[in-house]
Amino acid sequence: METEVTPQLHTLSVVSARTSLSRSALYREIKAQRLHAVKVGKALRITESELRRYISALESQAVA
């Protein structure tokens, strides 16, 4: 039996805690399309895969 795994959606508070960026900084990143968000009703959510991609990109910038 196969189980389908749904992608986890994170609130901006969770993303803020994991990236150490403020809420307003996250909104700027979303507006600049460096961080991709999905709308769920009126709320913005970030998928786990997008959050990992974004953190990886931040780490690459820090090393360069």
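**Exercise 1. The fold**

How many helices and how many strands does the chain have? Give their order and some overall values for the chain.

*Solution.* The model is a predicted one.

- Step 1. Count the elements. There are three helices and three strands.
- Step 2. Read along the sequence. The pattern is β-α-α-β-β-α.
- Step 3. Look at burial. The chain has 64 residues, and 27% of them count as buried.
- Step 4. Look at contacts. Take those between residues at least 6 apart in sequence; 43% of them join residues at least 24 apart.
- Step 5. Look at the surface. The accessible area of the chain is about 4900 Å². Carbon and sulfur atoms hold 53% of that surface.

**Exercise 2. Helix H3 and its two sides**

Work out the span of H3. Then sort residues of H3 into buried and exposed, and find what the buried ones pack against.

*Solution.*

- Step 1. Find the limits. H3 covers residues 48-63, which is 16 residues.
- Step 2. Check the span. From first C-alpha to last, H3 reaches 23 Å. That is close to the 22 Å expected at 1.5 Å a residue.
- Step 3. List the buried positions. In H3 these are Glu48, Glu50, Leu51, Tyr54 and Ile55. They lie on the same side of H3, because they cover an arc of only 160 degrees around the axis.
- Step 4. Turn to the other side of H3. Ser49, Arg52 and Val63 are exposed there.
- Step 5. Find the packing partners. The buried residues of H3 pack against two strands and two helices by name: E1 (9-10), E3 (43-47), H1 (12-19) and H2 (23-31).

**Exercise 3. Glu48 and its partners**

Which side chains meet Glu48 in salt bridges? Say where each partner lies and whether it is buried or exposed.

*Solution.*

- Step 1. Search the whole structure. It holds four salt bridges.
- Step 2. Take Arg18. Its side chain meets that of Glu48 at 3.0 Å, N to O. Glu48 is in helix H3 and Arg18 in helix H1, so this pair ties together parts 30 residues apart in sequence.
- Step 3. Take Arg52. Its side chain meets that of Glu48 at 2.7 Å, N to O. Arg52 and Glu48 are four residues apart in helix H3, so about one helical turn separates them.
- Step 4. Apply the geometry. An α-helix has 3.6 residues a turn, so residues three or four places apart point the same way.
- Step 5. Compare accessibility. Glu48 has a relative accessible area of 15%, so Glu48 is buried. Arg18 has 39% and is partly exposed. Arg52 has 56% and counts as exposed.

**Exercise 4. A second pair in H3**

Which residue forms a salt bridge with Glu50? Place the pair in the helix, then say which residues salt bridges with shared partners join into one network.

*Solution.*

- Step 1. Name the partner. Glu50 pairs with Arg53, with the closest N and O atoms 2.6 Å apart.
- Step 2. Place both residues. Glu50 and Arg53 lie in helix H3, three residues apart, about one turn of the helix.
- Step 3. Check accessibility. Glu50 has a relative accessible area of 10% and is buried. Arg53 has 36% and counts as partly exposed.
- Step 4. Trace the network. Arg18, Glu48 and Arg52 are joined into one network by salt bridges that share partners.

How values were computed: Residues numbered from 1 in each chain as written. Predicted model: local features only at pLDDT ≥ 70, side-chain atom pairs only at ≥ 80, totals over all residues. Heavy atoms only, no water. Expected span 1.5 Å × (residues − 1). Buried < 20%, exposed > 50% of the residue type's maximum accessible area, 1.4 Å probe, protein only. Arc of directions from axis to C-beta. Contact = heavy atoms within 4.5 Å. Areas by Shrake-Rupley, 256 points an atom, 1.4 Å probe, with all protein chains shown as cover.
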